[in-house]
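Trainee: Could you take me through one part of this structure slowly, looking at how its helices pack? I would be glad of anything else worth a look along the way.

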Amino acid sequence: MFTTLGLFADVPCPQGQQCSLLTCMFSHKAAATPQPRHNTKISGEVTAHASKRLKVEGGPLALTEESVLLQTSHVPETRPTVPAPTVPESHAGRGAPKLVSASRPVSPPPSSRSGSKATGGENSNGIAAASPKSAYRQLPPRKVPKESLNPRMLAKAPASHGLRTAILKNLHTAMAGLNEKLAKEKDATNKPFVLNQDELVTMALDEEQRVAKDSPGVYSNVIKLRIVKLTKMATEEWVKEVMAHLNMRYYKLNPIQSVQPRDAPTPIDTGLTAKEEIILATELLTPLKGLEQFGYVTKVPTEKEIEVAKKGSEESKGWEKCDRCAGRFQVFPGRREDGALASGGQCTYHPSRPIFPPRKRTDNVTGSSEQYFPCCGESVGLSAGCSKGGTHVFKVSETKRLASILQFQETPSQSDKGNLDPVCFDCEMGYTTLGMELIRLTATSWPEGRELLDVLVKPMGEILDLNSRFSGVFAEQYSSAIPYGTPAPPKENGKQQPLQVVGSPAAARDLLFGLLQPETPLIGHAIDNDLNVCRVIHPTIIDTVLLYPHPRRLPNRMSLKALARRFLDREIQTGGDKGHDSKEDSISAGDLVRVKVRELWQRLKAEGWKNEGDALIAPPGQASEDVHKHVVDLGHEFGHKRKNPSVS
């Protein structure tokens, strides 16, 4: 037998206590049990003999005392040392020993694996059965994989293996500290959520792998912020995280059974009143001039341009390029004689856009990294796709062709309404026989985040695909929707309130116009997409894509999900196949603007600015226009001076 190099000395043996090797290269530290304390020499010899016999003889009794304890308890191995069980002298030499501690029988903490009712009588009185926690006590045992603290293999790793390993160990240490703290609590209701060693390792691996796949570009920053959050996390918040992890990995319960309501977003304290925040927000406005090449529309297309677009559409005879698989197909507005809306049959595609892996120091400076799909990890060109759609779909991007379907309109002035506070808005789109159309519009107030408008929209073309995976809009919502302006029915427990629906995108646009003046700041993320699908030209916008520019600048853009995780410490768009929530996205975009307002105010305050009576007072020798230099320093790529009479 060759001599081991000790490379696997810290890796737990996959065979555990069933390992039959005399010199195993893996670690068997978990098998070591504390030496029992006995008053007599005889009892110690009996205990050692019985334990050894259990391990050697095999069969249904092939369990060591330590392995029994680990299977009947969720307490991690980092817990305080527990005296080893002993065997009464009356049981010496009679089969399997009965496990007892030095003073009383072993009583493991209540666990979802065991059928015990050691929950303080909660299940017996029927009250706790309705709580999310009680559901986990009644579930079957969990089949936990045996894994080591070694990062899982990915097709495109966001960092070197050494860096991922170091980060993973720090993440596991932070989780183990919370787990140990939970194990020491006297509250029996939380005991089912104390994880054993294998469960804790699996949870850390899942977390690291998720961040590595979802946020490869900012992997290091995201995971480090996560570790910091764990070190400051309260026990109850940790319990909620464990519940969500157990449900996702092991149980797959429905939403009513499993997950508690999502915590409310952490409030952002800017140190300013709402009026003062609005004053500073006007310094973050983005001028649209010069951004037309990136999709921002600044003027209404002419009738001549529209006629050219209509003629081109007629000559194409409905042939389009699929927005998902890039294949050619024909679309039939109004349906073909056989009822088909599009040709080409089923669409096979990747739901995620290809991205480049982050560069490493070892990469060739002159070489180019290979793109891959984050949805499945496949390199570009190796597979046709990992998802299937019922039909091919397309998207119209050309301004004059968009106007040929529905003409653009500038925000009208409303003299009877005066100045209006900023508005955040977000749109959801679906694919129709006319391209990608508006199917949901949500608007919220800024900076409060109060809902102003949330409606479903009936598109003009026949629906090809609601794009529910991203839009979060399903056919059932349309069938249960009520006409706009109709009083909502009484709210029922456990039942979602139906949304209101309007008859066309033009009707939804009119509702949005009712919240705006031309000078009202309109806030959104990648707002050009939302404005174009609504056919709106608004001169006063704040786009978080431009407030938080991508390192490689436009047309590259940071996702709203990545920005919310990094700057708000908030997880959004976590619904999976249930899609996005336009209200959540709208509020998150607004909160990102508030973060920039807070940063700007901190800079101003350091120079002697003051806020008095909802007005910002400049220090002696400075003018209100001096705010602009701080906007540029904050990294606002398209910052510009804007005279504000409210700033003194």
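Mentor: Happy to! Let me start with the wording for helix angles: under 35 degrees counts as roughly parallel, over 145 as roughly antiparallel, 65 to 115 as roughly perpendicular, and the rest as oblique. Please keep in mind that this is a predicted model.

Our part is helix H5, which covers residues 161-183. One partner is helix H6, residues 197-214, and the two pack at an angle of about 130° with their axes 9 Å apart. H5 and H6 are therefore oblique to each other. Their crossing is right-handed. On the H5 side, the contact is made by Arg164, Leu168, Leu171, His172, Met175, Ala176 and Asn179. H6 answers with Leu200, Val201, Met203, Ala204, Leu205, Glu207, Glu208 and Ala212. Sorted by class, this contact of H5 with H6 has 10 nonpolar, 2 polar and 3 charged residues.

Another partner of H5 is helix H7, residues 219-231. Here the axes come within 9 Å and cross at roughly 20°. H5 and H7 are therefore roughly parallel to each other, and their crossing is left-handed. From H5, the residues that meet H7 are Arg164, Ile167, Asn170, Leu171, Ala174, Met175 and Leu178. Facing them in H7 are Tyr219, Ile223, Arg226, Ile227, Leu230 and Thr231. The residues of this contact of H5 with H7 divide into 9 nonpolar, 2 polar and 2 charged. If you want to follow particular side chains, try Arg164, Leu171 and Met175: they take part in the contact with H6 and in the one with H7.

For another helix pair, go to H17 and H18. Helix H17 spans 560-567, and helix H18 spans 582-606. Their axes come within 10 Å and cross at roughly 50°, so H17 and H18 are oblique to each other. H17 passes H18 in a left-handed crossing. Leu560, Leu563 and Phe567 of H17 meet Asp585, Ser588, Ala589, Leu592 and Val595 of H18. By class, that contact has 6 nonpolar, 1 polar and 1 charged residues.

The loops around this pair deserve a check of their backbone angles. In the loop between H17 and H18 sits Asp569, which has a positive phi of about 55° although it is not a glycine. Between helix H16 (544-547) and H17, the loop holds Pro555, and the peptide bond to Pro555 from Leu554 is cis, with omega near 10°. A cis peptide bond also joins Trp446 and Pro447, with omega about 10°. Pro447 lies in the loop between strand S7 and strand S8 (451-457).

Strand S7 brings us to some enclosed space. The structure holds 4 cavities of 30 Å³ or more, and the second largest has a volume of about 40 Å³. S7, residues 435-445, gives the most to the lining of this second largest cavity, with 3 residues. The full lining is Leu406, Met436, Glu437, Leu438, Met460, Pro505, Val533 and Arg535. By class, it has 6 nonpolar, no polar and 2 charged residues.

Key: Residues are numbered from 1 along each chain as its sequence is written. This is a predicted model: local features need pLDDT of at least 70, side-chain atom pairs count only at pLDDT 80 or more; totals for chains, interfaces and linings use all residues. Side-chain values use heavy atoms; hydrogens and water are left out. On a 1 Å grid over the protein atoms alone, a cavity is a set of points where a 1.4 Å probe fits but cannot get out, and a pocket is an open set with protein on both sides within 12 Å along at least five of seven lines; lining residues have an atom within 4 Å of a point. Grid points are joined across faces, edges and corners, and a volume is the space filled by probe spheres set on the points. Helices (H or I, at least four residues) and strands (E, at least two) are DSSP runs, numbered from the N terminus. Ala, Val, Leu, Ile, Met, Phe, Trp, Tyr, Cys and Pro count as nonpolar, Asp, Glu, Lys and Arg as charged, and the others, Gly among them, as polar. Axes are lines fitted to C-alpha atoms, for helices over the stretch in contact, and angles run from 0 to 180 degrees between N-to-C directions. A crossing is left-handed if the near helix is turned anticlockwise from the far one by less than a right angle, and right-handed if clockwise. Contact means heavy atoms within 4.5 Å.
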